[in-house]
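Reader: I would like a close look at the side chains in one structure, taken slowly and in connected prose. Please begin once the sequence and the model are in view.

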Amino acid sequence: MQTKIPCVLMRGGTSKGPFFLASDLPADTALRDAVLLAAMGSPDNRQIDGVGGADPLTSKVAIVGPPTRDDCDVDYLFAQVVVDEATVDVSPNCGNMLAGIAPFAVEQGLFEAQGDETTVRIHMVNSGDRAIARIQTPGGEVEYEGDATIDGVPGSSAPIWIDVEDPSGSFCGALLPTGNPSDVIDGIECTLMDNGMPVVAMRAADLGRTGYETRDELNADEELKARLESIRLKAGHLMNLDDVTDKVVPKMFLLAPPRAGGAICTRSYIPKVAHASVGVLAAVTVATACVMPGTAAYDLAVRPEGSRKLLMLEHPTGDFPVELELSWLDDSPTIERAALLRTARRLFEGVILVPRSVWDGKATELETASA
């Protein structure tokens with residue numbers, strides 16, 4: 001006998017994972033995490049006994065429910081299920097999975113389509129921030145097919161535009177948690193920044209690398225990974241994140257001058273495995289670093305003129321566009337708005353099965369609330 005849990009498998013941006021209604025999962029956090037580990041097949045390098053894809057990008061979970069904020073339409077809790085550890089981390093957001101929240105909410109009946117285009121206000125529970133997603137809903141139905149393309153995903157899809165509102169200091173309490181545009185850790189100049197995602201940004205050349213290495217080359221570079229982890233652990237304390245040994249933040253970035261017409265070239269880790277592209281909210285943070293004097297990114301970046309800047313972040317599989325709107329005070333920029341283009345697709349719907357010994361299906365959030 002196994003417990004059946006309603007679920008939708010969705011691609012959000014360049015990530016993929018199961019989407020659940022909060023009411024279908026256990027109310028107890030520890031029990032919920034045990035269910036997610038069993039569902040994904042962690043800890044195991046292949047996640048062979050679950051639906052995880054044996055990669056951090058495909059070992060993600062979205063939990064969606066009614067809003068707990070008056071100015072939002074739905075709640076979204078993101079969970080990163082670590083592939084080879086019995087760890088479920090809900091400390092970061094995920095902007096890629098965020099792309100699937102509005103379509104999921106409409107199709108699951110949490111929010112009604114508003115016409116040919118529907119705007120959904122999303123409470124990102126992990127950080128407390130709000131995002132505004134605009135999706136195509138001709139005839140009141142979610143449209144997944146369209147002409148929008150994003151690097152890292154084959155083909156084209158309907159566009160999903162996401163505005164992230166005032167994410168500065170979401171996790172660290174300040175855009176620059178140390179108060180400095182750059183700090184030195186283990187002899188390396190680092191920018192510690194949080195504009196939606198805690199990030200440690202470094203010039204690749206300072207670590208003896210080009211910043212143009214392939215993902216496989218970076219993952220095979222054990223000496224580099226050890227140096228980055230040492231920096232990450234120290235940065236965690238400086239960024240008010242405490243001990244980050246078992247956390248997936250901060251994200252680590254190697255930066256280099258652009259070589260394909262973009263604003264800057266990036267190589268990122270999530271946080272110990274090289275990323276095939278770049279995380280959405282981490283991209284916002286790095287784009288912010290590109291326009292702030294004194295950061296590790298500033299002198300490397302190529303910036304367009306004007307207060308509205310479209311910055312293309314180069315990554316191993318293409319480019320990631322981030323649109324920033326800036327205001328200025330005493331030569332210091334403030335990010336007024338960050339806009340992102342993503343796509344999503346509903347892939348599979350049904351039930352996920354977990355052993356009855358893990359959870360018997362009782363004490364869901366819905367049952368707890370009704371009790």
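Which residue lies over the face of Tyr-298, and at what distance from the ring centre?

Author: In this predicted model, the residue over the face of Tyr-298 is Arg-303, which lies 3.8 Å from the ring centre. Turning from a charge over a ring to rings that pair with each other, the count comes to 1 aromatic pair. That pair is formed by Phe-19 and Phe-104, whose ring centres are 5.6 Å apart and whose planes meet at 50°, so the pair is classed as tilted, an angle of under 30 degrees being needed for stacked and one of over 60 for edge-to-face. Because Phe-19 belongs to strand β2 (residues 15-21) and Phe-104 to helix α3 (residues 101-107), the pair ties together parts that are 85 residues apart in sequence. Phe-19 and Phe-104 are both buried.

Another residue to examine is Thr-364, which is found in the loop between β17 (344-355) and α7 (365-370). With a relative accessible area of 8%, Thr-364 counts as buried, since the cut-off for that term is under 20%. Leaving aside residues up to four places away in sequence, Thr-364 touches Ser-23, Asp-24, Leu-25, Pro-26, Ala-27 and Trp-359. Of these contacts, Pro-26 is 338 residues from Thr-364 in sequence, yet the two are 4.2 Å apart in space, C-alpha to C-alpha. With Ser-23, the side chain of Thr-364 reaches the backbone oxygen at 3.4 Å.

Note on methods
Residues numbered from 1 in each chain as written. Predicted model: local features only at pLDDT ≥ 70, side-chain atom pairs only at ≥ 80, totals over all residues. Heavy atoms only, no water. Phe/Tyr/Trp six-rings, centres within 6.5 Å; stacked < 30°, edge-to-face > 60°. Helix = DSSP H or I, 4+ residues; strand = E, 2+ residues; numbered from the N terminus. Buried < 20%, exposed > 50% of the residue type's maximum accessible area, 1.4 Å probe, protein only. Lys NZ or Arg CZ within 6 Å of the ring centre and 35° of its normal. Contact = heavy atoms within 4.5 Å. Polar contact = N/O pair within 3.5 Å; in protein donor to acceptor, adjacent residues only side chain to side chain.
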